[in-house]
Structure formats: structure tokens, C-alpha cells
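Here are my notes on the model you sent over, set out as numbered points. I hope they help when you go through it yourself.

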Amino acid sequence: MTDLEEPKGELTLRTLAMPADTNPAGDIFGGWVLAQMDAAAGIRSSERAKGRTVTAAVKEVSFKRPVKVGDTVCIYTSVEQVGRTSMMLYVECWVRRQFSQERQKVTDAHFIMVALDGAGSPRVVDP
Ligand SMILES: CC(C)(COP(=O)(O)OP(=O)(O)OC[C@H]1O[C@@H](n2cnc3c(N)ncnc32)[C@H](O)[C@@H]1OP(=O)(O)O)[C@@H](O)C(=O)NCCC(=O)NCCS
């Protein structure tokens with residue numbers, strides 16, 4: 001099955017799903033997928049905020065399909081809202097199946113990222 005849908009946002013991170021990241025059933029751990037999405041949200045939000053950010057919340061995570069060993073994992077990010085010190089990012093995880101052109105959306109979620117100052121306190125983000 002190939003999605004007619006296209007990825008939303010900017011390609012922020014691309015990596016390979018390895019055997020070390022599997023669960024006992026042989027598919028990739030959901031926690032590993034979330035970690036890649038969190039890293040991408042961190043990259044994109046710190047670019048937007050021009051400095052350090054942290055993950056304050058992750059909302060509405062949907063695991064739609066499994067990730068398999070050998071898949072190329074592609075994380076797309078969109079900055080949907082900028083608040084005073086926080087940003088809401090929409091993050092999608094797509095895979096390209098091993099040795100295939102087939103591309104599928106596997107997971108999506110909203111990440112709330114907060115800009116921090118040098119002391120670790122929330123910092124205003126430029127509008
Ligand atoms: C995120 C953190 C800096 C927020 O600190 P805080 O003192 O609660 O700050 P505030 O209450 O002023 O919130 C800051 C902003 O984050 C938003 N926010 C905080 N928690 C939120 C949540 N659960 N959902 C949505 N927004 C949230 C606030 O609405 C506010 O947004 P705004 O400034 O754009 O209006 C603090 O809770 C923290 O350090 N958490 C740990 C982060 C971390 O270690 N993440 C890695 C996971 S292990």
C-alpha cells in the first residue's frame with residue numbers, strides 16, 4: 001500500500017532502523033521511533049528559537065504502521081504555532097521500506113517545545 005498523502009513540513013532527520021532497536025516480535029520499538037521524533041523536534045525548535053529548547057509535552061501520538069529493520073526513517077517537522085516561550089510542532093515519521101521505493105507514514109504527534117535561557121528558565125521566542 002502506498003500513501004497518496006505527502007509528508008508535511010521539512011525533512012529534519014533521516015536514519016536507518018537497525019536490529020538493535022527491535023522489540024521481541026522483531027519490529028522496531030515505538031520508544032525508538034519517538035526518540036527520533038523528539039530529536040527532530042529539538043533540532044527544528046532550536047533553529048526557530050535560535051537557542052536551547054526542551055520538550056515540555058508530546059500530544060496525540062498515533063502509531064499507524066510498524067517500522068521494520070532496514071527501513072529508512074524520515075522525520076518531517078512543521079512549526080504550527082509560536083507562543084510566548086513555547087512552540088507547537090507537528091511531527092511526522094515516514095519510512096521508505098528496505099530495497100523499495102514504497103513510502104509510508106508510520107507515526108505522527110504534536111510536540112510542545114519550550115525555549116530556555118542559560119539558567120534553564122523559559123525564554124521568550126521571537127514572534
Ligand atoms: C518545560 C519547562 C521548562 C516549563 O517550565 P515552567 O516553569 O512550567 O514554565 P511555564 O509554566 O512558564 O511554561 C512555559 C511554556 O510552556 C508551555 N507548557 C508547559 N507545559 C506544557 C504542557 N504540558 N502542554 C502545553 N504547553 C505547556 C506553557 O503554556 C508556556 O507556554 P507560553 O510561554 O508559550 O505561553 C519545565 O517544565 C521543564 O524543564 N520540564 C522538563 C523538560 C525536559 O526535561 N524535557 C525532556 C524530557 S525528559
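1. A word on terms before the fold: helices (H or I, at least four residues) and strands (E, at least two) are DSSP runs, numbered from the N terminus. Read in this way, the protein follows the pattern β-α-β-β-β-β along its sequence, with one helix and five strands in total.

2. Please keep in mind that this is a predicted model, in which local features need pLDDT of at least 70, side-chain atom pairs count only at pLDDT 80 or more, and totals for chains, interfaces and linings use all residues. Residues are numbered from 1 along each chain as its sequence is written, and side-chain values use heavy atoms, with hydrogens and water left out.

3. On overall dimensions, the C-alpha atoms fill a box of roughly 45 × 30 × 20 Å along the principal axes. The radius of gyration, taken over C-alpha atoms, is judged against a globule rule of 2.2 Å times the number of residues to the power 0.38. For 127 residues a compact globule would come out near 14 Å, and the protein has 15 Å, which agrees.

4. For burial, the classes are buried (under 20% relative accessible area), exposed (over 50%) and partly exposed (in between), with a 1.4 Å probe and protein chains only. By this count, 41% of the 127 residues are buried. The accessible surface is about 6,700 Å², and 54% of it belongs to carbon and sulfur atoms; these areas come from the Shrake-Rupley method with a 1.4 Å probe, and for residues only the protein chains shown count as cover.

5. Contacts here mean heavy atoms within 4.5 Å. Among contacts with a separation of 6 or more, 70% come from residues 24 or more positions apart.

6. The charges are quickly told: there are 16 positive and 16 negative side chains, and the centres of the two sets lie 3 Å apart. Lys and Arg count as positive and Asp and Glu as negative, while His and the chain ends are not counted. Each charge is placed at NZ of Lys, CZ of Arg, CG of Asp or CD of Glu.

7. From the record, UniProt lists residues 7–119 as "domain: HotDog ACOT-type" in an unreviewed entry; such annotations may be inferred rather than shown by experiment. In the model, this span is 18% helix and 47% strand, and its end C-alpha atoms lie 36 Å apart.

8. Which residues does L89 of strand 4 (residues 86–96) touch? Beyond four places in sequence, its partners include A41 and R44, T77 and V79, and also A109, F111 and M113. L89 has a relative accessible area of 0%, so it counts as buried. Its C-alpha atom is separated by 6.4 Å from that of I112, 23 residues apart along the chain.

9. Strand 5 (residues 103–115) holds T107, which is buried at a relative accessible area of 1%. Leaving out residues up to four places away, T107 touches V33, M37, V61, S62, F63, V91, E92 and C93.

10. V114 also sits in strand 5 and counts as buried, at 12% relative accessibility. Its contacts outside the four-place window are R52, T53, V54, A56, T85, S86 and P122. One of these partners, T85, lies in the loop between strand 3 (72–82) and strand 4. Although T85 is a loop residue, its relative accessible area of 12% makes it buried. Apart from sequence neighbours within four places, T85 is in contact with M113, V114, A115, P122, R123, V124 and V125.

11. Is I43, in helix 1, buried or exposed? Neither class fits, because I43 has a relative accessible area of 34% and is partly exposed. Beyond four places in sequence, I43 is in contact with T12 and L13.

12. Two backbone values deserve a look. Most residues other than glycine have a negative phi. K50, in the loop between helix 1 (30–49) and strand 2 (53–63), has a positive phi near 55°, and at 65% relative accessibility K50 counts as exposed. F99, in the loop between strand 4 and strand 5, likewise has a positive phi near 55°. F99 is exposed, with a relative accessible area of 80%.
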